[in-house]
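Good morning, and thank you for coming. I should like to take you through one structure, beginning with a single term that we shall need.

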Amino acid sequence: MRAKRWVRYTKELLKEIGIEPERLEMFNMSSSMATAFAEAVEEMTRRAKELGPSPLKRKKEAA
Amino acid sequence: MIVGQRKPFDEIKSYVDGCEKILVLGCGTCVAVCMAGGEKEVQILASQLRIAFQEEGKNVQVDEETILRQCDREYFDTLKDRVDKYDVVISMACGAGVQLAAELFPHRVVVPALNTTFIGIAEKEGVWSEKCRACSNCLLAETGGICPITICPKGLVNGPCGGTNHGKCEVDKNKDCAWTLIYRRLEGQGRLDKIREIHPPKNYKVQTTPATIWHAAYREEEA
(Lines give C-alpha, C1' and ligand atoms only; values in the text may rest on other atoms or scores of the structure.)
Protein backbone atom coordinates (compact mmCIF):
# COMPACT_ATOMS: atom_id res chain seq x y z
CA MET A 1 0.00 0.00 0.00
CA ARG A 2 2.92 2.27 -0.74
CA ALA A 3 0.91 4.06 -3.44
CA LYS A 4 -1.89 4.79 -0.94
CA ARG A 5 0.58 6.52 1.38
CA TRP A 6 2.00 8.62 -1.45
CA VAL A 7 -1.44 9.59 -2.71
CA ARG A 8 -2.33 10.75 0.83
CA TYR A 9 0.92 12.73 0.99
CA THR A 10 0.32 14.26 -2.44
CA LYS A 11 -3.11 15.40 -1.25
CA GLU A 12 -1.35 17.23 1.60
CA LEU A 13 1.05 18.86 -0.90
CA LEU A 14 -1.91 20.05 -2.98
CA LYS A 15 -3.66 21.41 0.10
CA GLU A 16 -0.52 23.37 1.06
CA ILE A 17 -0.67 25.31 -2.21
CA GLY A 18 -4.41 25.92 -2.14
CA ILE A 19 -5.60 23.21 -4.53
CA GLU A 20 -8.50 21.05 -3.31
CA PRO A 21 -7.12 17.63 -2.34
CA GLU A 22 -10.43 16.05 -3.44
CA ARG A 23 -9.23 16.48 -7.02
CA LEU A 24 -6.96 13.50 -6.46
CA GLU A 25 -8.18 10.06 -5.35
CA MET A 26 -7.05 6.49 -5.44
CA PHE A 27 -9.50 3.63 -6.00
CA ASN A 28 -8.59 -0.03 -5.55
CA MET A 29 -10.00 -2.45 -8.09
CA SER A 30 -9.06 -5.24 -10.43
CA SER A 31 -9.34 -5.06 -14.22
CA SER A 32 -12.59 -7.07 -14.17
CA MET A 33 -14.47 -4.66 -11.86
CA ALA A 34 -16.29 -2.64 -14.48
CA THR A 35 -19.02 -1.41 -12.12
CA ALA A 36 -16.51 -0.20 -9.56
CA PHE A 37 -14.56 1.57 -12.31
CA ALA A 38 -17.69 3.29 -13.60
CA GLU A 39 -18.60 4.37 -10.06
CA ALA A 40 -15.11 5.80 -9.54
CA VAL A 41 -15.34 7.74 -12.80
CA GLU A 42 -18.78 9.05 -11.81
CA GLU A 43 -17.47 10.09 -8.41
CA MET A 44 -14.54 11.99 -9.89
CA THR A 45 -16.79 13.60 -12.50
CA ARG A 46 -19.16 14.69 -9.76
CA ARG A 47 -16.30 16.16 -7.76
CA ALA A 48 -14.84 17.96 -10.79
CA LYS A 49 -18.22 19.56 -11.52
CA GLU A 50 -18.74 20.49 -7.89
CA LEU A 51 -15.28 22.03 -7.50
CA GLY A 52 -15.29 23.78 -10.88
CA PRO A 53 -12.17 24.62 -12.87
CA SER A 54 -8.86 24.30 -11.03
CA PRO A 55 -7.61 27.46 -9.30
CA LEU A 56 -4.81 27.66 -11.86
CA LYS A 57 -7.23 27.61 -14.79
CA ARG A 58 -9.46 30.18 -13.11
CA LYS A 59 -6.45 32.48 -12.72
CA LYS A 60 -5.50 32.05 -16.40
CA GLU A 61 -9.04 32.81 -17.55
CA ALA A 62 -9.23 35.91 -15.36
CA ALA A 63 -5.94 37.23 -16.80
CA MET B 1 23.16 9.80 8.54
CA ILE B 2 21.87 13.28 9.20
CA VAL B 3 18.08 13.31 9.23
CA GLY B 4 16.03 16.34 8.32
CA GLN B 5 12.41 17.25 7.75
CA ARG B 6 11.05 19.72 5.26
CA LYS B 7 9.75 22.97 6.71
CA PRO B 8 6.08 23.84 6.15
CA PHE B 9 5.47 25.17 2.65
CA ASP B 10 4.19 28.55 3.87
CA GLU B 11 7.39 29.15 5.83
CA ILE B 12 9.59 28.33 2.83
CA LYS B 13 7.45 30.50 0.56
CA SER B 14 7.64 33.41 2.98
CA TYR B 15 11.46 33.37 2.57
CA VAL B 16 11.21 33.83 -1.19
CA ASP B 17 8.13 36.05 -1.62
CA GLY B 18 9.05 39.00 -3.82
CA CYS B 19 11.88 37.15 -5.59
CA GLU B 20 11.72 36.64 -9.34
CA LYS B 21 14.41 34.02 -9.88
CA ILE B 22 14.74 31.14 -7.45
CA LEU B 23 17.06 28.15 -7.41
CA VAL B 24 15.94 25.12 -5.40
CA LEU B 25 19.14 23.26 -4.55
CA GLY B 26 19.02 19.68 -3.34
CA CYS B 27 21.64 17.53 -1.66
CA GLY B 28 22.08 13.96 -2.88
CA THR B 29 23.40 12.38 0.31
CA CYS B 30 21.84 12.09 3.80
CA VAL B 31 18.74 14.21 3.22
CA ALA B 32 18.06 12.41 -0.06
CA VAL B 33 18.00 9.08 1.78
CA CYS B 34 15.58 10.43 4.40
CA MET B 35 13.34 11.76 1.63
CA ALA B 36 13.64 15.39 2.71
CA GLY B 37 16.02 17.19 0.38
CA GLY B 38 17.10 15.02 -2.56
CA GLU B 39 16.32 15.32 -6.25
CA LYS B 40 12.70 14.14 -5.89
CA GLU B 41 12.00 16.54 -3.05
CA VAL B 42 13.55 19.38 -5.07
CA GLN B 43 11.11 18.58 -7.87
CA ILE B 44 8.17 18.55 -5.45
CA LEU B 45 9.07 21.85 -3.78
CA ALA B 46 9.87 23.58 -7.07
CA SER B 47 6.54 22.39 -8.54
CA GLN B 48 4.66 23.59 -5.47
CA LEU B 49 6.31 27.00 -5.70
CA ARG B 50 5.58 27.33 -9.43
CA ILE B 51 1.92 26.47 -8.89
CA ALA B 52 1.60 28.74 -5.86
CA PHE B 53 3.14 31.71 -7.71
CA GLN B 54 1.04 30.99 -10.79
CA GLU B 55 -2.08 31.05 -8.61
CA GLU B 56 -1.03 34.49 -7.40
CA GLY B 57 -0.53 35.62 -11.01
CA LYS B 58 3.20 36.15 -10.46
CA ASN B 59 5.80 35.36 -13.08
CA VAL B 60 8.53 33.68 -11.04
CA GLN B 61 11.28 31.50 -12.46
CA VAL B 62 11.92 28.45 -10.25
CA ASP B 63 14.86 26.28 -11.32
CA GLU B 64 16.02 22.97 -9.88
CA GLU B 65 19.45 21.50 -9.24
CA THR B 66 20.76 18.74 -7.02
CA ILE B 67 24.43 18.23 -6.22
CA LEU B 68 25.90 15.12 -4.64
CA ARG B 69 26.83 16.79 -1.35
CA GLN B 70 26.35 20.32 -0.04
CA CYS B 71 28.88 19.75 2.76
CA ASP B 72 31.85 19.53 0.35
CA ARG B 73 33.12 22.55 -1.55
CA GLU B 74 34.07 20.78 -4.77
CA TYR B 75 30.50 19.73 -5.52
CA PHE B 76 29.51 23.39 -5.84
CA ASP B 77 31.99 23.98 -8.70
CA THR B 78 29.39 23.38 -11.40
CA LEU B 79 27.11 26.01 -9.85
CA LYS B 80 29.58 28.86 -9.41
CA ASP B 81 28.78 30.63 -12.68
CA ARG B 82 25.05 30.08 -12.45
CA VAL B 83 24.13 31.19 -8.95
CA ASP B 84 24.55 34.91 -9.61
CA LYS B 85 21.52 34.98 -11.87
CA TYR B 86 19.20 33.99 -9.01
CA ASP B 87 17.74 36.27 -6.34
CA VAL B 88 17.67 33.50 -3.79
CA VAL B 89 18.85 29.92 -3.33
CA ILE B 90 16.63 27.55 -1.35
CA SER B 91 18.97 24.93 0.04
CA MET B 92 17.37 21.58 0.81
CA ALA B 93 20.51 20.36 2.60
CA CYS B 94 21.08 19.93 6.33
CA GLY B 95 22.19 22.95 8.34
CA ALA B 96 25.83 22.26 7.43
CA GLY B 97 25.07 22.28 3.72
CA VAL B 98 23.00 25.46 3.93
CA GLN B 99 25.89 27.21 5.69
CA LEU B 100 28.47 26.08 3.16
CA ALA B 101 26.21 27.26 0.31
CA ALA B 102 25.80 30.63 2.08
CA GLU B 103 29.57 30.86 2.58
CA LEU B 104 30.35 30.08 -1.06
CA PHE B 105 27.72 32.49 -2.38
CA PRO B 106 27.96 35.41 0.08
CA HIS B 107 26.31 37.84 -2.35
CA ARG B 108 23.21 35.70 -2.71
CA VAL B 109 20.54 35.02 -0.12
CA VAL B 110 20.58 31.34 0.84
CA VAL B 111 17.62 30.06 2.86
CA PRO B 112 16.91 26.63 4.36
CA ALA B 113 14.02 24.40 3.31
CA LEU B 114 14.63 21.81 6.02
CA ASN B 115 14.83 21.56 9.76
CA THR B 116 17.85 19.40 10.56
CA THR B 117 16.77 17.05 13.29
CA PHE B 118 19.29 14.37 14.27
CA ILE B 119 21.92 11.76 13.45
CA GLY B 120 20.04 8.52 13.09
CA ILE B 121 19.20 5.34 11.24
CA ALA B 122 16.38 4.12 9.05
CA GLU B 123 14.04 1.91 11.10
CA LYS B 124 11.89 1.04 8.10
CA GLU B 125 10.74 2.79 4.96
CA GLY B 126 9.78 6.34 5.91
CA VAL B 127 10.77 6.06 9.59
CA TRP B 128 14.03 7.21 11.15
CA SER B 129 15.19 7.33 14.74
CA GLU B 130 17.90 9.23 16.55
CA LYS B 131 20.95 7.20 17.59
CA CYS B 132 23.80 9.62 18.18
CA ARG B 133 24.16 13.06 19.74
CA ALA B 134 27.70 13.58 18.40
CA CYS B 135 29.03 14.03 21.95
CA SER B 136 32.70 13.59 20.93
CA ASN B 137 33.26 10.98 23.65
CA CYS B 138 31.77 7.64 22.59
CA LEU B 139 30.68 5.22 25.32
CA LEU B 140 29.29 2.48 23.09
CA ALA B 141 32.07 0.00 23.91
CA GLU B 142 30.89 0.00 27.53
CA THR B 143 27.16 -0.02 26.92
CA GLY B 144 26.61 -2.91 24.55
CA GLY B 145 26.41 -0.64 21.53
CA ILE B 146 23.40 1.31 22.85
CA CYS B 147 23.93 5.01 23.47
CA PRO B 148 22.57 6.17 26.84
CA ILE B 149 23.33 9.80 25.98
CA THR B 150 20.86 9.61 23.09
CA ILE B 151 18.36 6.91 24.07
CA CYS B 152 18.00 7.84 27.76
CA PRO B 153 16.11 11.17 27.97
CA LYS B 154 18.23 12.02 31.01
CA GLY B 155 21.47 11.09 29.24
CA LEU B 156 22.59 9.06 32.26
CA VAL B 157 26.01 7.40 31.99
CA ASN B 158 25.12 5.07 34.88
CA GLY B 159 21.74 3.42 35.01
CA PRO B 160 19.00 2.53 35.11
CA CYS B 161 17.54 5.27 37.29
CA GLY B 162 14.62 4.77 39.68
CA GLY B 163 12.19 5.76 36.96
CA THR B 164 12.57 2.61 34.89
CA ASN B 165 9.26 0.75 34.75
CA HIS B 166 9.04 -2.71 33.22
CA GLY B 167 11.53 -1.71 30.56
CA LYS B 168 9.89 1.63 29.82
CA CYS B 169 10.98 5.17 30.69
CA GLU B 170 9.26 7.37 33.27
CA VAL B 171 9.72 10.39 31.02
CA ASP B 172 7.71 8.74 28.24
CA LYS B 173 6.08 5.38 28.92
CA ASN B 174 6.02 4.62 25.19
CA LYS B 175 9.80 4.75 25.05
CA ASP B 176 12.16 1.98 26.04
CA CYS B 177 14.41 2.50 29.04
CA ALA B 178 17.89 2.81 27.54
CA TRP B 179 19.55 1.20 30.54
CA THR B 180 17.18 -1.79 30.49
CA LEU B 181 18.10 -2.26 26.84
CA ILE B 182 21.77 -2.00 27.77
CA TYR B 183 21.30 -4.52 30.62
CA ARG B 184 19.60 -7.03 28.31
CA ARG B 185 22.21 -6.60 25.56
CA LEU B 186 25.10 -7.10 28.01
CA GLU B 187 23.28 -10.06 29.59
CA GLY B 188 22.97 -11.69 26.16
CA GLN B 189 26.68 -11.18 25.59
CA GLY B 190 27.64 -12.57 29.02
CA ARG B 191 29.13 -9.19 29.92
CA LEU B 192 26.89 -8.15 32.81
CA ASP B 193 29.98 -7.22 34.82
CA LYS B 194 30.05 -4.09 32.62
CA ILE B 195 26.82 -2.81 34.16
CA ARG B 196 28.52 -2.74 37.58
CA GLU B 197 31.25 -0.42 36.36
CA ILE B 198 30.73 3.15 37.47
CA HIS B 199 31.32 5.63 34.69
CA PRO B 200 32.67 9.03 35.75
CA PRO B 201 30.66 12.11 34.83
CA LYS B 202 30.83 12.72 31.12
CA ASN B 203 33.63 14.97 29.97
CA TYR B 204 31.80 17.72 28.16
CA LYS B 205 35.01 19.69 27.75
CA VAL B 206 35.80 17.63 24.64
CA GLN B 207 32.56 18.83 23.08
CA THR B 208 33.69 22.20 21.81
CA THR B 209 31.39 24.51 19.92
CA PRO B 210 31.99 25.03 17.09
CA ALA B 211 34.17 21.94 16.77
CA THR B 212 36.89 21.43 14.21
CA ILE B 213 38.82 18.22 13.74
CA TRP B 214 41.96 17.55 11.76
CA HIS B 215 42.67 14.10 10.39
CA ALA B 216 45.97 12.78 11.77
CA ALA B 217 47.47 12.74 8.28
CA TYR B 218 46.85 16.47 7.87
CA ARG B 219 47.98 17.76 11.26
CA GLU B 220 51.22 19.28 9.97
CA GLU B 221 49.18 21.81 8.06
CA GLU B 222 47.53 22.90 11.30
CA ALA B 223 50.84 23.93 12.87
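A residue is called buried if 20 or more other C-beta atoms lie within 10 Å of its own. Please keep in mind throughout that this is a predicted model.

With that term in hand, let us turn to helix H3 of chain B. Which residues of H3(B) are buried? They are B:Glu41, B:Val42, B:Leu45, B:Ala46, B:Gln48, B:Leu49, B:Ile51, B:Ala52 and B:Phe53. In an α-helix there are 3.6 residues a turn, so residues three or four places apart point the same way.

H3(B) is made up of 17 residues. From its first C-alpha to its last it reaches 24 Å, which is close to the 24 Å expected at 1.5 Å a residue. Just after this helix comes B:Gly57, with a positive phi of about 75°.

Let us now consider the contact between the chains. Chain A and chain B each bring eight residues to it. On the side of chain B that touches chain A, helix H3, residues 39–55, gives the most, namely six residues. By type, that side of chain B holds four nonpolar residues, three polar and one charged.

Finally, the whole of chain B. It has eight helices and seven strands. Its radius of gyration is 22 Å, well over the 17 Å that the globule rule gives for 223 residues, so chain B is more spread out than a compact globule. The C-alpha trace of chain B spans about 65 × 50 × 25 Å along its principal axes. Of its 223 residues, 29% count as buried.

Technical notes
Residues are numbered from 1 along each chain as its sequence is written. Chains are lettered from A and ligands numbered from 1 in the order in which they are written. This is a predicted model: local features need pLDDT of at least 70, side-chain atom pairs count only at pLDDT 80 or more; totals for chains, interfaces and linings use all residues. Two residues are in contact if their C-beta atoms, placed from the backbone, lie within 7 Å. Helices (H or I, at least four residues) and strands (E, at least two) are DSSP runs, numbered from the N terminus. Ala, Val, Leu, Ile, Met, Phe, Trp, Tyr, Cys and Pro count as nonpolar, Asp, Glu, Lys and Arg as charged, and the others, Gly among them, as polar. The radius of gyration is taken over C-alpha atoms; the globule rule is 2.2 Å times the number of residues to the power 0.38. A residue is buried if 20 or more other C-beta atoms lie within 10 Å of its own, exposed if 12 or fewer, and partly exposed in between; C-beta atoms are placed from the backbone. The expected span of a helix is 1.5 Å times one less than its number of residues.
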